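Open the model in your viewer and keep the selection panel at hand. This tour tells you what to pick next and what you will find there.

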Amino acid sequence: MSEPDPTAATIATRIENLYGQPLHALEAHSAAAPHNSMLTALIGSLTDLQLAERSITFHRDRLLQLAHPERAIGSFDAGHLLDNARRISEAVAVRDAHAKTLSAVLQSLHRVPTPATETPPAVPAPPPLPVPSAPTR
């Protein structure tokens, strides 16, 4: 079996860099507070991307096994070859769609610098306006 596609690993690193924590800590945080947040969406999409990459690897390896040069190919095997090739194509399309979306979202996000420990002096409030005096008669 060969190495999985590095797309998910690259995206995972970008998520870690964005949030400043390792992925396992981010996954734990997301699981502990499963509300609609950007982190939860990113982790969910990353999981889908990783699943697509594992599917590509699995079906490619199965296709190579079925098409081994020393193996005879019968009508039963031909259907399996076609099915694995189709599943690879679908998994590649899913991987590419998730990678494109995740990359676009991550490109639009950035880390907000932490505020300086020293706060700037507050601007003094303007003096209150004088109360107009009552007209005299």
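**Stop 1: α3 and α4**

Select α3 and α4 together. In this predicted model, the two helices pack at an angle of about 155 degrees, and their axes are 8 Å apart. An angle over 145 degrees counts as roughly antiparallel. α3 and α4 are therefore roughly antiparallel to each other. Now look at how they cross. The crossing of α3 and α4 is left-handed. Colour the residues of this contact by class. You should get 18 nonpolar, 6 polar and 7 charged.

**Stop 2: the whole chain**

Zoom out and show the full chain as a cartoon. How many helices and strands does the protein chain have? There are 4 helices and 0 strands. Follow the chain along its sequence and the pattern reads α-α-α-α. Next, colour by burial. The protein chain has 137 residues, and 20% of them count as buried. Then turn to contacts. Take those between residues at least 6 apart in sequence: 66% of them join residues at least 24 apart.

**Stop 3: pairs across α3 and α4**

Return to the two helices of the opening stop. Three pairs are worth a distance label.

Start with Ala41, which lies in helix α3. Its relative accessible area is 41%, so Ala41 is partly exposed. Draw a line from its C-alpha to that of Leu102. The two residues are 61 apart in sequence, yet the line spans 9.6 Å.

Now pick Thr101, in helix α4. Thr101 is partly exposed too, with a relative accessible area of 48%. Its partner for this step is Ser45. They sit 56 residues apart along the chain, and 8.7 Å separates their C-alpha atoms.

Finish with Asp61, back in helix α3. Is Asp61 buried or partly exposed? Asp61 has 21% relative accessibility, and buried means under 20%, so Asp61 counts as partly exposed. Join its C-alpha to that of Asn84, 23 residues away along the chain. The label should read 9.4 Å.

**Stop 4: His59**

Stay with Asn84 on screen and select His59. This residue is found in helix α3. At 11% relative accessibility, His59 counts as buried. What does His59 touch, leaving aside its neighbours within four places in sequence? Show the side chains of Asn84, Arg87 and Ile88: His59 is in contact with each of these.

**Stop 5: α1 against α3**

Hide α4 and select residues 7–19, which form helix α1. Add helix α3, residues 38–66. Here the angle is about 165 degrees and the axes are 9 Å apart. That makes α1 roughly antiparallel to α3. Their crossing is left-handed. To see the contact, work from each side in turn. On α1, select Thr7, Ala8, Ile11, Ala12, Ile15, Leu18 and Tyr19. On α3, select Met38, Leu39, Leu42, Leu46, Leu49, Gln50 and Glu53. By class, this contact has 11 nonpolar, 2 polar and 1 charged residues.

**Stop 6: the core**

Bring every helix back into view. In soluble globular proteins, nonpolar side chains tend to be buried together. Here the largest nonpolar core has 15 residues. Which of them have the most contacts inside it? Select Ile11, Ile15, Leu23, Leu42, Leu46, Leu49 and Leu106. Colour the core by helix next. α1, α2 (23–32), α3 and α4 (75–108) each supply at least two of its residues.

**Last stop: Ile15**

Centre the view on Ile15. It belongs to the α1 side of the contact with α3, and it is among the core residues with the most contacts. Set aside residues up to four places away in sequence. Ile15 then touches Leu23, Leu26, Leu42, Leu46 and Leu106. Show those side chains together to end the tour.

How values were computed. Residues are numbered from 1 along each chain as its sequence is written. This is a predicted model: local features need pLDDT of at least 70, side-chain atom pairs count only at pLDDT 80 or more; totals for chains, interfaces and linings use all residues. Side-chain values use heavy atoms; hydrogens and water are left out. Axes are lines fitted to C-alpha atoms, for helices over the stretch in contact, and angles run from 0 to 180 degrees between N-to-C directions. Angles under 35 degrees count as roughly parallel, over 145 as roughly antiparallel, 65 to 115 as roughly perpendicular and the rest as oblique. A crossing is left-handed if the near helix is turned anticlockwise from the far one by less than a right angle, and right-handed if clockwise. Contact means heavy atoms within 4.5 Å. Ala, Val, Leu, Ile, Met, Phe, Trp, Tyr, Cys and Pro count as nonpolar, Asp, Glu, Lys and Arg as charged, and the others, Gly among them, as polar. A nonpolar core is a set of buried Ala, Val, Leu, Ile, Met, Phe, Trp, Tyr and Cys residues joined through side-chain atoms within 4.5 Å. Buried means under 20% relative accessible area, exposed over 50%, partly exposed in between (1.4 Å probe, protein chains only).
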